[in-house]
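Q: Could you go through this structure by asking how each descriptive word is earned? I would like each value set against its definition before anything is concluded.

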Amino acid sequence: MKWRSVVQLICLLSRIFSIHCLSQKQFYQNLDLSESVVANDLAGMFSRSCIIGFGITGLQSAYVKEYKDRQWKVKCSQMTLHPYNFCRWTYDYVNRLEEKLKFQCSENAYIAGLYSDYNATVADRAWRIECCSSQELTMTACFDSEWLNSFGGPFSFNLRPNFALQGITGIRNSSKSDRKWKFRFCSTKQTAELIDTE
């Protein structure tokens, strides 16, 4: 059975297995992983969820002073070929406005989705995060990045193959209406080889 047929079948069964599915059009658009995807409108909603078996492996961000907000780009890469990944969004926001954000997925889980709402009154975002795990994927060693940006400064964060994003930290400076960011990432080990998605 071809990969696209498998994905279609899994999407039909998504209510049973609690699997997040995108439309067929979005699925094929997202296969060009060399390009990051713009994830938010300035001073608007941020929403990005990788397709089944994929996780976030790249983040680019630039501060736009006129909007007191960041423009984000997100890149997804394949983590596992297992179609029955267990994925869950955080029930509530993981931070309060103008307070520190520090979040980490559970053991052997990786970040596959980010969502945030923008609050114009304080020019800040509250975040929800999607974590996914698979029986055939384990984390073998984890590391914390340095702070990647200054307040008001851009950053670009891209993981090498066989690494997964596992945690996010953001500290707020109210006078600058911005956050500094750093990330926790882990090397991964799987029991099967990744398949060609083309």
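Q: Where in the chain is confidence lowest, and where is it highest?
A: In this predicted model, confidence is lowest in helix 3 (residues 24-29), at a mean pLDDT of 29, and highest in strand 6, at 97; pLDDT is the predictor's confidence in each residue, from 0 to 100. Over residues 1-34 the pLDDT is below 50, although this stretch still has 42 contacts beyond near neighbours in sequence, a contact being heavy atoms within 4.5 Å. For residues 194-198 the pLDDT likewise stays under 50, with eleven contacts beyond four places in sequence. Where pLDDT is low, the predicted coordinates should not be read in detail.

Q: What is the mean pLDDT of the chain, and which residues and atoms enter the values?
A: The mean is 81, and 76% of the residues reach 70 or more. Residues are numbered from 1 along each chain as its sequence is written, and side-chain values use heavy atoms, with hydrogens and water left out. As the model is predicted, local features need pLDDT of at least 70 and side-chain atom pairs count only at pLDDT 80 or more, whereas totals for chains, interfaces and linings use all residues.

Q: How many helices and strands are in the chain, and what makes a run of residues count as one?
A: The chain has three helices and twelve strands, which are DSSP runs numbered from the N terminus, with H or I over at least four residues for a helix and E over at least two for a strand.

Q: Why is Cys76 called buried?
A: Buried means under 20% relative accessible area, exposed means over 50%, and partly exposed lies in between (1.4 Å probe, protein chains only). Cys76 has a relative accessible area of 4%, so the residue is called buried. Its place is in strand 4 (residues 69-78). Of the 198 residues of the chain, 45% count as buried.

Q: What makes strand 11 largely enclosed by the rest of the structure?
A: Strand 11 (residues 163-173) has eleven residues, and ten of them are buried, so the strand is largely enclosed.

Q: How do you know that strand 11 pairs with strand 6 and with strand 12?
A: Two strands pair if DSSP finds at least two bridges between them. Strand 6 (residues 101-104) and strand 11 are antiparallel over four bridges, with Leu101 opposite Gly170. Ten bridges join strand 11 to strand 12 (residues 178-190), again antiparallel; among the residues facing each other are Arg172 and Arg179, and also Phe163 and Ser187. In the hairpin of these two strands, four residues lie between them, and Ser177 takes a positive phi near 50°.

Q: Why is one side of strand 6 and of strand 9 left without a neighbour in the sheet?
A: Four strands form an open antiparallel sheet in the order 6-11-12-9. Strand 6 and strand 9 (137-144) stand at its edges with a single partner strand each, so one side of each has no neighbour in the sheet. Neighbouring strands here are turned by 20° against each other on average, direction ignored; axes are lines fitted to C-alpha atoms (for helices over the stretch in contact), and angles run from 0 to 180 degrees between N-to-C directions.

Q: What makes strand 2 and strand 5 edge strands?
A: In the open antiparallel sheet with the order 2-7-8-5, strand 2 (46-49) and strand 5 (86-89) each pair on one side only. Strand 2 meets strand 7 (residues 109-119) over four bridges, and Arg48 has Leu114 as its bridge partner in strand 7.
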